[in-house]
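User: Could you take a close look at how the helices at the start of the chain pack against each other? A connected walk-through would suit me better than a table.

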Amino acid sequence: MDFDLTEEHRMIRDMCRDFTTEVIAPRAEEMERTGEYPYDIMARMAELGMMGIPISEEYGGSGGDWVGMHLCIEEVSSGDPTLGALLDVTTSVVAQELDVFGTEEQKRRWLVPIAAGEQIGAFGLTEPDAGSDAQSIRTRAILKDGTWVINGTKQFITNIGLDNAGLIVIAAVSKRAVQGPGRISTFIVPKDAPGLILGKRYEKIGWHGSATHEVIFEDCAVPEGNLLGDPAKGFSQHLSVLQTGRISIAAIATGSAQACLNESIRYARERVQFGKPISTFQAIQFKLADMAVAVELARNQYLKAAWLKDMGRKHAFEATVAKLFASEMLEKTASDAVQIHGGYGYMAEYPVSRFYRGAKVLQIVEGTSEVMRIILSRELGL
Ligand SMILES: Cc1cc2nc3c(=O)[nH]c(=O)nc-3n(C[C@H](O)[C@H](O)[C@H](O)COP(=O)(O)OP(=O)(O)OC[C@H]3O[C@@H](n4cnc5c(N)ncnc54)[C@H](O)[C@@H]3O)c2cc1C
């Protein structure tokens, strides 16, 4: 076995780490406070090729792999997890779905600008009455005279509210007669399509920098050619890219937890109580040791899942383990980080409070912890 990163992987990690330290981390608190996305930072991330790491050069990417992409997501998330989420949705989910299932024409039209970082993508599966039970979506697409007419509502949609969002890839029911997942197809809907209405922006308890919106389709018309992939396999297409999204969620959690650990070590060395730095108290040391264990295991697992994906091997079990473990460990790690900071940890300007508020969401998005356990139970043959 070889646990060493390749030279290329180390370069990606170090480049993303330096960029995060110098550019992202100093702005993260402001993003959280104002809820405004830093388009200048996104433009620089695009210049560095971060949005297209695993996409081939032919389609505007860097021709790298999924290990490299996830090292990037981890590093970026250690500065600000909402930018990690932007990369997850744009690259791991939307770009990948276009890359794997798109026609040559669709790739030229939609994938190239995403991989080059000129546009970002959104992903629309969740609806008011269909979350974990995603097969029960009600958004409908009906083909009329060479145009798909879409009606329905998607909720909790990441990225679509940002100015540089170019499209949303959605799941919609296209076959009334068929039962089960075979009735669901995938469609590319340009953000400026007639009938796409950007609904309310949700107020969240954390991740304020990330724009989360409702999207309404009212007789929204897209050309027949915007059907993505096999019309009877839209649901399984979505599930296959969400498998990669789960590795990305694990990388976001790992980066967030690493930041909590770094901040906590720094603070514990500086903070003096009873005449000594609190880092000399065993109660604090043990918390830090447990945090280090959690981060190490989460990192190993997401890298294993990404590596298996790069090898073209099955990785449903490993990706699910990575998502479940990393998202749950982050909640405890971020809580311990706040505890080590004492009262200061509860103050908004301390980074650990931001990571703590944002920790919970990773147990919900792209499949809840309960759904992860259902998948794992199935993998165990139960
Ligand atoms: C900040 C944020 C961003 C998001 N971004 C996107 C996005 O970009 N695109 C998108 O499509 N969606 C997005 N989502 C939606 C997210 O994927 C869903 O919230 C998630 O899948 C859960 O669905 P739900 O909220 O409807 O919860 P529900 O499915 O209603 O679940 C409620 C509770 O019941 C549990 N539960 C449900 N079914 C079972 C079962 N069979 N057994 C045991 N327990 C069960 C769940 O685990 C959960 O604890 C986002 C959500 C958030 C919070």
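Analyst: Here is the helix packing, one pair at a time, with a short look at the ligand at the end.

First, the ground rules: this is a predicted model, where local features need pLDDT of at least 70, side-chain atom pairs count only at pLDDT 80 or more, and totals for chains, interfaces and linings use all residues. Residues are numbered from 1 along each chain as its sequence is written, and side-chain values use heavy atoms, with hydrogens and water left out.

Let's start with α1 (residues 7-34) and α3 (residues 66-79). Helices here are DSSP runs (H or I, at least four residues), numbered from the N terminus. The axes of α1 and α3 come within 7 Å and cross at roughly 20°; axes are lines fitted to C-alpha atoms over the stretch in contact, and angles run from 0 to 180 degrees between N-to-C directions. That makes α1 roughly parallel to α3, given that angles under 35 degrees count as roughly parallel, over 145 as roughly antiparallel, 65 to 115 as roughly perpendicular and the rest as oblique. The crossing of α1 past α3 is right-handed, meaning that the near helix is turned clockwise from the far one by less than a right angle, with anticlockwise giving left-handed. On the α1 side, the contact (heavy atoms within 4.5 Å) involves His9, Ile12, Arg13, Cys16, Arg17, Thr20, Ile24, Ala25 and Ala28. From α3 come Val67, Gly68, Leu71, Cys72, Glu75, Val76, Ser78 and Gly79. By class, that is 9 nonpolar, 5 polar and 3 charged residues, where Ala, Val, Leu, Ile, Met, Phe, Trp, Tyr, Cys and Pro count as nonpolar, Asp, Glu, Lys and Arg as charged, and the others, Gly among them, as polar.

Next up is α1 with α2 (residues 39-47). Their axes come within 11 Å and cross at roughly 160°, which makes α1 roughly antiparallel to α2. This crossing is left-handed. Phe19, Val23, Ile24 and Arg27 of α1 meet Asp40, Ile41, Arg44 and Met45 of α2, and these residues divide into 5 nonpolar, no polar and 3 charged. Ile24 is a residue to note, as it appears in the α1 contact with α3 and in the one with α2.

α2 also packs on α4 (residues 81-101), at an angle of about 50° with the axes 12 Å apart. That makes α2 oblique to α4, and the crossing is right-handed. Ile41, Met42 and Met45 of α2 touch Leu83, Leu86 and Leu87 of α4, a contact with 6 nonpolar, no polar and no charged residues. Ile41 and Met45 are listed here and in the contact with α1.

Finally, the ligand. It has 17 residues around it (a heavy atom within 4 Å), and Thr126, Ser132, Phe156, Thr368 and Glu370 come nearest. A polar side-chain atom of Thr126 lies 2.7 Å from a ligand nitrogen, a polar contact (N or O atoms within 3.5 Å). The backbone takes part too: a polar backbone atom of Phe156 is 2.7 Å from a ligand nitrogen, and one of Leu125 is 2.8 Å from a ligand oxygen.

How values were computed:
Helix = DSSP H or I, 4+ residues; strand = E, 2+ residues; numbered from the N terminus. Polar contact = N/O pair within 3.5 Å; in protein donor to acceptor, adjacent residues only side chain to side chain.
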